[in-house]
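The following exercises concern pockets and salt bridges in a protein model. Please study the sequence and the structure before reading each solution.

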Amino acid sequence: MPRPALAGLRMGLAAAIARHFGGLLPLLALVVCWEALSRSGIVSTFLLPPLSAVLQRVWEDALSGELTINLGMTLYRALAGFAIAALGGVAIGILMTRNRFVRWFFDPIVSVGFPMPKIAFLPIFMLWLGLYDVSKISMAAFNAIFPVIVATIAAAEGVDRHLLWSARSLGASERQLLREIILPAALPQILTGLQVALPVSMIVTIVTEMLMGGQGLGGAMIAASRFADSPGVFAGIVEIAVAGLCLVKGIAVLRRHLLIWHQEAQEPTTV
């Protein structure tokens, strides 16, 4: 192979490696600093246990089955709340753009509820629904539904009016307009709202587990803190971080598959 071609191949390979693995460098630096700082003695191992000890604890939890139970309970609550928020939020958002009475009824609720810290309703949910799964799932759905509603309204109202006028002039019914024009055109922005709602659902689930107790990653962290189990607390942080990352990456993959037809999924072209 000629030298210029070989140099170009090497540069392309290096660029591909940097593109795929360059984002891991800050995380790797954080891991190295964590382990070095804990081992150096500058910080007490009780306040900052070594990462190796934390990972050992995660491994022990996995072998004992405790991690599977806690992770399963947390994901069940978070995803159930997210599913309720996704279906309800999209339905309410679409109806608010298509029906004046629905808009009149829900607009003040969304305007007041979206910016306020909805975790303040936790004592009410505990009083009404108890301390078990129903209240935790309800809290997750209640917090996650507002970003979906707002994103759906903005997406549906942003559809090109010329498309709607053209479809109506050709005799399209309201159902056909919704199914064939409004929802496909609004889907990218709706998915953006869902990408915001999923981490919100996960965060609220963890918080409710911490405050209400019981099984789950949040409950396990609080139980470890009560017994001054520092590796257990940090193990919970690592487990929550990995679970959250998997959820975020998963919905990003789903977005790419659902929008394979959309311009944002197309490879950039050069002339």
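**Exercise 1.** Determine whether arginine 103 is buried, partly exposed or exposed, and identify its salt-bridge partner.

*Solution.* The model is a predicted one.
Step 1. The relative accessible area of arginine 103 is 27%. Buried means under 20% and exposed means over 50%, so arginine 103 is partly exposed.
Step 2. The side chain of arginine 103 meets that of glutamate 157 in a salt bridge, at 2.7 Å from N to O.
Step 3. Glutamate 157 belongs to helix α7 (residues 133-157) and arginine 103 to helix α5 (residues 100-113); the pair, 54 residues apart, links distant parts of the chain.
Step 4. Glutamate 157 has a relative accessibility of 36% and also counts as partly exposed.

**Exercise 2.** Describe the salt bridge between glutamate 209 and arginine 77, and state whether each residue is buried or exposed.

*Solution.*
Step 1. Side chains of opposite charge can pair when their charged atoms come close.
Step 2. For glutamate 209 and arginine 77, the N to O distance is 2.7 Å.
Step 3. Glutamate 209 lies in helix α9 (residues 174-212) and arginine 77 in helix α4, 132 residues apart.
Step 4. The relative accessible area is 0% for glutamate 209 and 4% for arginine 77. The cut-off for buried is under 20%, so glutamate 209 is buried, and arginine 77 is buried too.

**Exercise 3.** Where do arginine 57 and aspartate 61 lie, and which network do they join?

*Solution.*
Step 1. Both residues are in helix α3, four residues apart, which is about one turn of the helix.
Step 2. Their salt bridge has its closest N and O atoms 3.4 Å apart.
Step 3. Through shared partners, salt bridges join Arg57, Asp61 and Asp229 into one network.
Step 4. Arg57 and Asp61 are also among the residues nearest the centre of the second largest pocket, which has 14 lining residues.

**Exercise 4.** Compare the linings of the largest pocket and the second largest pocket by residue class.

*Solution.*
Step 1. The largest pocket has a volume of about 350 Å³, and the second largest holds about 150 Å³.
Step 2. The lining of the largest pocket has 11 nonpolar residues, with no polar and no charged ones; Trp34 and Leu245 are among them.
Step 3. The lining of the second largest pocket divides into seven nonpolar, three polar and four charged residues.
Step 4. Helix α11 supplies the largest share of the first lining, five residues, whereas α10 gives the most to the second, with five residues.

Notes:
Residues numbered from 1 in each chain as written. Predicted model: local features only at pLDDT ≥ 70, side-chain atom pairs only at ≥ 80, totals over all residues. Heavy atoms only, no water. 1 Å grid on protein atoms, 1.4 Å probe; cavity = no way out; pocket = protein on both sides within 12 Å on 5 of 7 lines; lining within 4 Å. Points joined across faces, edges and corners; volume = space filled by probe spheres on them. Helix = DSSP H or I, 4+ residues; strand = E, 2+ residues; numbered from the N terminus. Nonpolar A, V, L, I, M, F, W, Y, C, P; charged D, E, K, R; others polar. Salt bridge = Lys/Arg side-chain N within 4 Å of Asp/Glu carboxyl O. Buried < 20%, exposed > 50% of the residue type's maximum accessible area, 1.4 Å probe, protein only.
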